[in-house]
Amino acid sequence: MHIDIVTLFPEVALAPLSDSIIQRARAAGIVEVFAHQLRDWSEDKHKRVDDTLCGGGQGMLLKPEPVFAAVEALSKPETQVILMTPQGRPFKQAVARELSRKSHLLILCGHYEGVDYRVIEALVDLELSIGDYVLTNGAIAAAVVCDAVIRLLPGALGDERSSEEESFSDPNLLEAPAYTRPVDFRGMKVPDVLLSGHHGKISAWKKEQAERRTAVNRPDLRKD
Ligand code: ADE
């Protein structure tokens, strides 16, 4: 997979992707990630990429010219163009799985009040939000999307099973609580069933606990 991120803050986008599992996936050639400076496509002599809103309103908007130039320079026929914005579709594990099957992602990061709407109409295949809150810039959100997508690529995780069993593989159920040794820590004990060696009982316990945890932490998932 090849990923291009276009942003005013390339270092912010790359920092979380430069260590641990994701860095190893990059070093192994499973994914190539590039972060590009949007200002490099500005024709303005001061390298400005933003302007005030037509019709009035607070703040600044990314201008269409540099964004169009960046997308035209980096796009291939198979490219999926994504815009990070709080106005986007919610980013879920199912979306991460869909994106992990693409060969080229081009991720545009909003800043200020967002981007000129002509960018969205003409260039963007998918607007994505990582949650119902507003970040200072979309590069942080782009890094989150890249991390979630890259770890799903074949070979990125050492143990292929671990991405299948976790929360959100069943999108309506969180994971059951998990324990490691010591069996007794300050009087807090690992549940007996997990030490029983009885696989049927352990599975039933995990399912019941997963349902309980989901009802407490994410009742919204049960209503879907
Ligand atoms: N840019 C600012 N906030 C964002 C969010 N919640 N998701 C995606 N991009 C953003």
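These are short questions and replies on how terms apply to this predicted model.

Me: What makes T214 count as buried?
Reply: Buried means under 20% relative accessible area. T214 has a relative accessible area of 0%. That value is under the cut-off, so T214 is buried. T214 lies in helix α9, residues 199-217.

Me: How do you know that the side chain of T214 makes a polar contact with the backbone oxygen of A210?
Reply: A polar contact needs a pair of N or O atoms within 3.5 Å. The side chain of T214 reaches the backbone oxygen of A210 at 2.6 Å. That distance is within the limit, so the pair is a polar contact.

Me: Why is S20 called partly exposed?
Reply: Partly exposed lies between the two cut-offs, under 20% for buried and over 50% for exposed. S20 has a relative accessible area of 42%. That falls in between, so S20 is partly exposed. S20 is placed in helix α2, residues 20-27.

Me: Why is K47 called partly exposed?
Reply: K47 has 36% relative accessibility. This value too sits between 20% and 50%, so the label is partly exposed. K47 is found in the loop between β2 (32-37) and β3 (50-52).

Me: What makes the phi of S20 worth a remark?
Reply: Most residues other than glycine have a negative phi. S20 is not a glycine, yet its phi is positive, about 55°. K47 also has a positive phi, near 60°, and is a residue other than glycine.

Me: What kind of peptide bond joins R181 and P182?
Reply: A cis peptide bond, with omega about 5°. Most peptide bonds are trans. P182 lies in the loop between α7 (161-165) and β8 (184-185).

Me: Why is strand β6 called largely enclosed?
Reply: Strand β6 covers residues 104-109, and six of its six residues are buried, so the rest of the structure largely encloses the strand. H104, L106 and L108 point one way. L105, I107 and C109 point the other way. Both sets are buried.

Me: How do you know that β1 and β6 pair?
Reply: Two strands pair if there are at least two bridges between them. Strand β1 (residues 2-7) and β6 have five bridges, in the parallel sense. Five meets the requirement, so they pair. One bridge partner of this kind is L106 in β6, which stands with D4.

Me: What joins β5 to β6?
Reply: Five bridges, and the two strands run parallel. L106 in β6 appears here as well, with V81 opposite.

Me: How do you know that the ligand makes a polar contact with Y133?
Reply: A nitrogen atom of the ligand is 2.8 Å from a polar backbone atom of Y133. The limit is 3.5 Å, so this pair counts. Ligand nitrogen also lies 3.1 Å from a backbone N or O atom of G131. For L135, the distance from a backbone N or O atom to a ligand nitrogen is 3.0 Å. The protein covers 96% of the 260 Å² of accessible area that the ligand has on its own.

Me: What makes up the shell around the ligand?
Reply: Eight nonpolar residues, four polar and no charged. Among the surrounding residues are M84, L128 and A141. β5 (80-90), β7 (126-129) and α6 (138-150) each supply at least two residues. β5 gives the most, with three.

Methods
Residues are numbered from 1 along each chain as its sequence is written. This is a predicted model: local features need pLDDT of at least 70, side-chain atom pairs count only at pLDDT 80 or more; totals for chains, interfaces and linings use all residues. Side-chain values use heavy atoms; hydrogens and water are left out. A residue is near a molecule or strand if one of its heavy atoms lies within 4 Å of it. A polar contact is a pair of N or O atoms within 3.5 Å; within protein, one must be able to donate a hydrogen and the other to accept it, and residues adjacent in sequence count only if both atoms are side-chain atoms. Accessible areas come from the Shrake-Rupley method with a 1.4 Å probe; for residues, only the protein chains shown count as cover. Helices (H or I, at least four residues) and strands (E, at least two) are DSSP runs, numbered from the N terminus. Ala, Val, Leu, Ile, Met, Phe, Trp, Tyr, Cys and Pro count as nonpolar, Asp, Glu, Lys and Arg as charged, and the others, Gly among them, as polar. Buried means under 20% relative accessible area, exposed over 50%, partly exposed in between (1.4 Å probe, protein chains only).
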